[in-house]
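Hi,

Here is the structure I promised to pass on. Have a look at it first, and my notes follow underneath.

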Amino acid sequence: MRVAIVGSGLASLAAYATLRHCGVAAEEIAVFGTHEDPTAVWRERATAIRQTRMRSESDGHLAAASWPGLALRERNPRAWAATLANRYHPPVELFLRHAERVVAKTGWSQSFHARRIEHVAAVDGGFELDGEGPFRHVLLATGHPGLARPVPGAVHAYEPHDYADRVTIVGAGMAAAHEWLNALAAGSEVVSVRRREPTRRPLNVPRPLLTKRGLDGYHRSSPEQHAATLRTLSQPSYPTGAAWDEPLAAAEREGRFHVATEVNGAANVICATGFLEGFQHDPLLARLAAEHDLPTHDRWLVLAPDSTVTQLTNGRTLAIAGIAGQWAFPAADTIAGAKYAARAFARRVCRTR
Ligand SMILES: Cc1cc2nc3c(=O)[nH]c(=O)nc-3n(C[C@H](O)[C@H](O)[C@H](O)COP(=O)(O)OP(=O)(O)OC[C@H]3O[C@@H](n4cnc5c(N)ncnc54)[C@H](O)[C@@H]3O)c2cc1C
């Protein structure tokens, strides 16, 4: 086999579908992962925060080609108009059915090996994965390295949970905003614990960073500017809009929504505090960086604009998709980001046939 993908989430499926689309046979690809269903990890998290619509926009699907996307499946002219303006947010159910179709159509199960990979070694002709291979082209798509849980023992917003009569929700980003509204809708009284006022900004990264010109500017910027951009984008935030503000304002008037700076020993705490940040928390990536002396900057692996590890990509390919690929593409942890890495990876694989 020539090609391996490590990780079995949405980024992995996007890459797999893109490789199959450019003509790489299923027998030529090995996917090493922990879940045969590539939606399993995402589905549990999205279900936990009761997400009903995708955050991603029109290109936020897993098919190799951008068009036609999912809007046309809705039989709803409003959805069609929204997709033309790249403002369409598919329902989660529609997205999940689509993912099932991509799995079935591409032959994903034929390539899937239930196995957690612990070691990537650069060898002649490619890379060995736990001694297996060599694989000439490898994409690492291992996802977030774990949940951030500042209150030990508390449930995390991305884990299954219900709402007690009074809940304390730690955090001030998108997951926290979902949880305030979920808990209020369930009839709970909410204490929002936050260190500072939430930042309000659009859900997705600034549009210029999704254009070729904007990305070129980002890629040309210094490492310090790269890191500054990524740090700003990683700050907890949620969008503006009445859908968020009105339920909170009404609950405040009713005395059912309070803000505090400390948990203060409260019962029923939900950590809506996102993920551990940085490649150092992912044992596979930390070991890879240490053993191959890879360049890093703060919590990021330094990558080429096409999401490859420059030092290890020379006739062979080592590329990174998902959150650990943020140096190359600021919105790496989105479906659009998964596709960005997938397309660059497939271009390399298909060029060397
Ligand atoms: C609640 C929630 C909602 C989101 N909604 C959207 C949305 O609507 N639109 C959007 O664009 N983005 C969304 N995102 C962001 C992003 O799309 C998801 O985080 C997505 O799951 C990222 O996919 P991934 O493949 O990088 O990681 P994951 O889905 O986490 O998959 C990684 C997989 O690799 C496995 N793995 C890890 N290490 C190894 C190893 N060493 N060997 C083998 N396997 C390994 C993991 O166990 C896991 O199965 C959302 C994120 C969250 C948390």
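A residue counts as near the ligand if its C-beta atom, placed from the backbone, lies within 6 Å of it. Please bear in mind that this is a predicted model.

With that cut-off, the ligand is surrounded by 33 residues, and the closest are Gly7, Gly9, Ser56, Gly143 and Gly322. Sorted by class, this shell holds 14 nonpolar, 15 polar and four charged residues. At least two residues of the shell come from each of α1, β2 (29-33) and α2 (40-48). Which helix gives the most to the shell? That is α2, with four residues.

I also spent some time on helix α4, which runs over residues 92-106. Its 15 residues reach 21 Å from the first C-alpha to the last, close to the 21 Å expected at 1.5 Å a residue. Phe95, Ala99, Val102, Val103 and Thr106 are the buried ones to look at in α4. These five lie on the same side of α4 because they cover an arc of only 100 degrees around the axis. As a general reminder, an α-helix has 3.6 residues a turn, so residues three or four places apart point the same way.

The cover over the buried residues of α4 includes α1 (10-21) and α5 (108-111). α1 therefore turns up twice in these notes, since α1 also supplies at least two residues of the shell around the ligand. On the other side of α4, Glu93, Glu100, Arg101, Ala104 and Lys105 are exposed. Just after α4 comes Gly107, with a positive phi of about 80 degrees.

Best wishes

Terms used:
Residues are numbered from 1 along each chain as its sequence is written. This is a predicted model: local features need pLDDT of at least 70, side-chain atom pairs count only at pLDDT 80 or more; totals for chains, interfaces and linings use all residues. The expected span of a helix is 1.5 Å times one less than its number of residues. A residue is buried if 20 or more other C-beta atoms lie within 10 Å of its own, exposed if 12 or fewer, and partly exposed in between; C-beta atoms are placed from the backbone. The arc is that of the directions from the helix axis to the C-beta atoms. Two residues are in contact if their C-beta atoms, placed from the backbone, lie within 7 Å. Ala, Val, Leu, Ile, Met, Phe, Trp, Tyr, Cys and Pro count as nonpolar, Asp, Glu, Lys and Arg as charged, and the others, Gly among them, as polar.
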